[in-house]
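I opened this model to see how its ligand is held. Here are my notes, in the order I looked things up.

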Amino acid sequence: MKPSVGLIGLGLMGRPMATNLLKAGHEVTVWNRTASRADELVSQGAKRAATPRALAAASDVTLTIVSDPPALESVLWGDEGVFSGIRKGSALIESSTVSPGLEKRAAAAAAAVGADFLEAPVTGGTWGAEKGELVFMVGGEEATLKRLEPVLGVMGKRWFHLGPVGAGQTVKLAMNLLLDLEVEALAEALALVTRAGVAGEKLVEVMQSSMGRSGVLDIKAPNMLKGEYKPSFPLRLMHKDVGLALDLANQLGVPLPAAAAAREVLSAVKGAATEDVDFSALASFWKKK
Ligand code: NA7
């Protein structure tokens, strides 16, 4: 019989992940801070839990995917949190993007109550979540991964086992840092050519024929050229992720000068934003006022 799955966090990522679990025939229980966001899933057959604690108590596998470290602390360790209800022998998959240190604390708390723990942040965006084609960056025990692969396989197409708990978030933060710096570099180059009177499209066209071609040019350049920033990867989350990468670098004594500068651009655009925007909106930093 398929394990029952409880999913906490029905944001842009969590909702389609829960839908795919339902479609695959899992019994699914959901909890979200803003309860109304669970309505559609409940109408599709999901059960609604009153608290993260009740959800964990009812589930063979609990999966968390919430925005940031404070959100995760609240759903795991809050008064009605997961760790007050999770069953011995069940498993916790943690898929938010947070710090490696927080994941290690969560792994220790799970071990203390006899639950398995897998760190599994994701990449692939909302598109990947809807198609069931997410990629998981896994940290944890090999045996736990083997046990949970059938569940991951409903939501994702690939997973990389990167080492013990902490390794998954480390790679995830490094990857998002690289992604942010690529978009930031593209924004700077576009600002330069357009101010010089050359269309940005020309730069992109030439780049596509050079060793600098990349997925960022395919996916982010079109909306940057139009100045349209409908959130796919929200800037508020990239701001958090580059901040987490800088925190980790600070702990390790690794200088990240480009990342530090890029974070200031994200901070400026985040502060000026009047609505949720994609992180490629960092290009608006160079728009003439
Ligand atoms: P979203 O769409 O911003 O969704 C965030 C989710 O986190 C959403 O369910 C929120 O509930 C929940 N949240 C935020 N703060 C809290 C607190 N304090 N307590 C409980 N729940 C909270 O993000 P995505 O789905 O795109 O991304 C999720 C993670 O994956 C994130 O770490 C990314 O970096 C990667 P709400 O509906 O607002 O009540």
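**Ligand site notes**

I began with the polar contacts, meaning pairs of N or O atoms within 3.5 Å. A polar side-chain atom of Asn32 sits 2.6 Å from a ligand oxygen atom. Two backbones turned up as well: a polar backbone atom of Leu12 is 2.9 Å from an oxygen atom of the ligand, and a polar backbone atom of Thr97 is also 2.9 Å from a ligand oxygen atom. I then checked burial: of the 790 Å² of accessible area that the ligand has on its own, the protein covers 87% (Shrake-Rupley, 1.4 Å probe).

A note on the source: this is a predicted model, where local features need pLDDT of at least 70, side-chain atom pairs count only at pLDDT 80 or more, and totals for chains, interfaces and linings use all residues. Residues are numbered from 1 along each chain as its sequence is written, and side-chain values use heavy atoms, with hydrogens and water left out.

Next, who is in the shell? I find 20 residues around the ligand (a heavy atom within 4 Å), and the closest are Asn32, Thr34, Arg37, Ser67 and Lys240. By class, I get eight nonpolar, eight polar (Gly counts here) and four charged residues (Asp, Glu, Lys and Arg). Helix 4 (69-77) and helix 12 (235-252), both DSSP runs of at least four residues, are the elements giving two or more residues to this shell.

Last, I looked at domains, whose bounds come from an automatic or database assignment. Domain 1 (5-163) and domain 2 (170-287) each supply at least three shell residues.

Technical notes
A polar contact is a pair of N or O atoms within 3.5 Å; within protein, one must be able to donate a hydrogen and the other to accept it, and residues adjacent in sequence count only if both atoms are side-chain atoms.
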